[in-house]
Structures are given as structure tokens and as C-alpha cells.
Amino acid sequence: MDNLSGLKKVIIVREFDDGKITAGEKLVLLIIATHIGENDRAWPSLTTLMKECCLARDNVSKNIKKLISNGYLQKISPSKKYRSNQFIINFSKLTSSETLL
């Protein structure tokens, strides 16, 4: 999905509704999408997600775990280059015909 602009990726997340994703999960996914940078990866810190989502740490963490377990999001643990987790949104799952209502 590298050929899509950042705004187009945010719109895909905003328009996504499979009837299963909760409002909190969608909010966290949407905020992560606004942070997508090189290689389709986003690396907002947990503090940044808390502030931008207006959610408590536990709620952000819970929603990230649910997004990962449902296949909407992949988390890559920090490396020497990055201090925060990196996230990759599974746009193919968000745009497949089975998930669109």
C-alpha cells in the first residue's frame, strides 16, 4: 500500500466498519494511521496515543491488543533505531470485500 497517500490511508481507516471493530479500537487505529511514515510504519508512543485519543493508558493498550489479535494491526517491538513500538496497519484486511459493509 506504499502507493497510497497518507491522507488516503487515514480515509480507509475512517471509512472501515466490519460490524466487529469497537469505537475505541477504531479511534486508536485512526490515530495510528495519522502517524504513518516511511515503509508504511507508524511509531507513536503510548503517551502520544493516550493524548491524541483522550484515553487512559489501559484503554489504549487494551485496544491495541484487540486490534493485533483481530489482525488489523501488527506491532514490532522497539529496536536500537526506534524507542517506541512500530505499528503496521493491515490495509488489505481493511479493504477486503468480506470486511466492508
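## Cysteines

Cys54 is exposed, at a relative accessible area of 69%. Cys53 is buried, at 5%. This is a predicted model, and a search of the whole of it turns up zero disulfides. Cys53 takes part in none; the nearest cysteine sulfur to it belongs to Cys54, 7.8 Å away. For Cys54, likewise in no disulfide, the nearest cysteine sulfur is that of Cys53. Why is there no bond between the two? A disulfide needs sulfur atoms within 2.5 Å, and the sulfur of Cys54 is 7.8 Å from that of Cys53.

## The nonpolar core

The largest nonpolar core has 23 residues. Five of them touch the most other members: Leu29, Ile32, Leu73, Ile89 and Leu94. Several elements each supply at least two core residues: α1 (6–15), α2 (23–33), α3 (46–53), α4 (57–69), β3 and α5 (91–95). Helix α2 gives the largest share, five residues. In soluble globular proteins, nonpolar side chains tend to be buried together.

## Ile89 in strand β3

Ile89 sits in strand β3. Its relative accessibility is 6%, so Ile89 counts as buried. Ile89 is also one of the core residues that touch the most other members.

Which residues does Ile89 contact, leaving aside neighbours within four places in sequence? They are Val13, Leu29, Ile32, Ala33, Ile36, Tyr72, Leu73 and Leu94. Among these contacts, Leu29, Ile32, Leu73 and Leu94 are named with Ile89 as touching the most other core members. One contact, Ala33, is 56 residues from Ile89 in sequence. In space, their C-alpha atoms are 7.4 Å apart.

## Gln86 in strand β3

Strand β3 covers residues 86–89, and Gln86 is found in it. Is Gln86 buried or exposed? Gln86 counts as buried, because its relative accessibility is 4% and the cut-off for buried is under 20%.

The side chain of Gln86 makes a polar contact with that of Arg41, at 3.2 Å. Arg41 also appears among the residues that Gln86 touches, not counting those up to four places away in sequence. The others on that list are Ala42, Trp43, Gln74, Lys75 and Ile76.

## Tyr72: an aromatic pair and a charge

A search of the whole structure finds one aromatic pair. Its members are Phe16 and Tyr72. The geometry is edge-to-face, with 5.4 Å centre to centre and 65° between the planes. Phe16 lies in the loop between α1 and α2. Tyr72 lies in the loop between α4 and β2 (73–76). The pair therefore ties together parts that are 56 residues apart in sequence.

Both Phe16 and Tyr72 are buried. The ring of Tyr72 has a further partner: the charged end of Lys93 sits over it, 5.2 Å from its centre. Tyr72 is also in contact with Ile89.

## Gly24 in helix α2

Gly24 lies in helix α2. How accessible is Gly24? Gly24 is partly exposed, with a relative accessible area of 23%. Gly24 and Ile64 are 40 residues apart in sequence. Their C-alpha atoms are 9.5 Å apart in space.

Terms used: Residues numbered from 1 in each chain as written. Predicted model: local features only at pLDDT ≥ 70, side-chain atom pairs only at ≥ 80, totals over all residues. Heavy atoms only, no water. Helix = DSSP H or I, 4+ residues; strand = E, 2+ residues; numbered from the N terminus. Buried < 20%, exposed > 50% of the residue type's maximum accessible area, 1.4 Å probe, protein only. Polar contact = N/O pair within 3.5 Å; in protein donor to acceptor, adjacent residues only side chain to side chain. Contact = heavy atoms within 4.5 Å. Core = buried A, V, L, I, M, F, W, Y, C linked by side-chain atoms within 4.5 Å. Phe/Tyr/Trp six-rings, centres within 6.5 Å; stacked < 30°, edge-to-face > 60°. Lys NZ or Arg CZ within 6 Å of the ring centre and 35° of its normal.
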